[in-house]
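Dear colleague,

I am handing over the structure we spoke about, and I would be grateful if you could look through it with the notes below at hand.

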Amino acid sequence: AADAPWGHAKAVKQTYAKQKVVYDVTVGSESAMRSVISRAMLLADFNGSDPFDSKVVIVLHGNEIPFFAIKHYPKYRELMQRAQGATLSGVIEFRMCRLAEESHGFKPADFHGFITLVPMADTEIVRLQQEGYAYMR
């Protein structure tokens, strides 16, 4: 047909093996951070949300860092409730770069308890890849 010269797309049913994924996150808007969390939650759901078989680590090291500060909770309440809620299954974890956190003028006590601070985002991402985690940006 002239309106579909290559035919029409076909949807396939696909099953996925259990996965370990690290998200490298540097976003500057609340909507972009919400999108990352949504994608991570969807990935966890596709993999059965079993913390023994699957893991999604979100490594934060950009302008999204202030969203996670306790002092900004009133402004980003909904986003933080979504982020913390994503961790409840044990599949999704949030890790934050200490170097980036310090460059934003924060210290570890300034963040919610569901955040784990690591020395450097890049080294954490490389370490996770060496442990078999797939890289996502």
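What follows goes from the chain as a whole to one of its helices, then to a few single residues and the salt bridges.

Please keep in mind throughout that this is a predicted model. The secondary structure of the chain comes to four helices and five strands, and from the N terminus on these elements run β-α-β-α-β-α-β-α-β. The C-alpha trace spans about 60 × 35 × 25 Å along its principal axes. Of the 137 residues in the chain, 39% are buried, and the chain exposes about 8,000 Å², of which carbon and sulfur atoms supply 54%. If one takes the contacts between residues at least 6 apart in sequence, 75% of them join residues at least 24 apart.

Helix H1

Helix H1 covers residues 30-46, and its end C-alpha atoms lie 24 Å apart, which agrees with the 24 Å that its 17 residues should span at 1.5 Å a residue. Which residues of H1 are buried? They are Met-33, Val-36, Ile-37, Ala-40, Leu-43 and Ala-44, and because these residues cover an arc of only 125° around the axis, they are placed on the same side of H1. On the other side of the helix, Asp-45 and Phe-46 are exposed. The cover over the buried residues of H1 includes strand S1 (20-25), strand S2 (55-60), helix H2 (73-86) and strand S3 (92-97). Just after H1, Gly-48 takes a positive phi of about 90°.

Phe-46, which lies in helix H1, counts as exposed because its relative accessibility is 51%, where the cut-off for exposed is over 50%. Together with Tyr-16 and Leu-42, Phe-46 forms a nonpolar patch on the surface, and the three residues have about 340 Å² of accessible area together.

Tyr-76

Helix H2, which is among the elements that cover the buried residues of H1, contains Tyr-76. Is Tyr-76 buried or exposed? With a relative accessibility of 11%, Tyr-76 counts as buried, since buried means under 20%. When residues up to four places away in sequence are left out, Tyr-76 touches Glu-30 and Phe-67. Tyr-76 and Pro-66 are 10 residues apart in sequence, and their C-alpha atoms are 9.5 Å apart in space.

Salt bridges

Side chains of opposite charge can pair when their charged atoms come close. With a side-chain nitrogen of Lys or Arg required to be within 4 Å of a carboxyl oxygen of Asp or Glu, the count comes to 10 salt bridges, and I describe some of them here.

Asp-24 forms a salt bridge with Arg-137, with the closest N and O atoms 3.3 Å apart. This pair links distant parts of the chain, as Asp-24 is in strand S1 and Arg-137 is in the segment after strand S5 (134-136), 113 residues apart. The two partners differ in their exposure: Asp-24 is buried, with a relative accessible area of 11%, whereas Arg-137 counts as exposed at 55% relative accessibility.

A second pair joins Asp-110 and Lys-107, whose closest N and O atoms are 4.0 Å apart. Here Asp-110 counts as partly exposed at 22% relative accessibility, while Lys-107 is exposed, with a relative accessible area of 51%.

In the third pair, the side chains of Glu-124 and Arg-127 meet in a salt bridge at 2.8 Å, N to O. How are Glu-124 and Arg-127 placed in helix H4 (residues 121-130), and what separates them? Because they are three residues apart in that helix, they are separated by about one helical turn. Glu-124 is buried, with a relative accessible area of 8%, and Arg-127 is partly exposed, with a relative accessible area of 33%. Both residues also belong to a network of salt bridges, in which they are linked with Lys-55, Glu-93, Arg-95 and Glu-131.

With kind regards

Notes. Residues are numbered from 1 along each chain as its sequence is written. This is a predicted model: local features need pLDDT of at least 70, side-chain atom pairs count only at pLDDT 80 or more; totals for chains, interfaces and linings use all residues. Side-chain values use heavy atoms; hydrogens and water are left out. Helices (H or I, at least four residues) and strands (E, at least two) are DSSP runs, numbered from the N terminus. The expected span of a helix is 1.5 Å times one less than its number of residues. Buried means under 20% relative accessible area, exposed over 50%, partly exposed in between (1.4 Å probe, protein chains only). The arc is that of the directions from the helix axis to the C-beta atoms. Contact means heavy atoms within 4.5 Å. Patches are made of residues with over 30% relative accessible area and no salt bridge: like charges are joined within 9 Å, nonpolar side chains (Val, Leu, Ile, Met, Phe, Trp, Tyr) within 5 Å. Accessible areas come from the Shrake-Rupley method with a 1.4 Å probe; for residues, only the protein chains shown count as cover.
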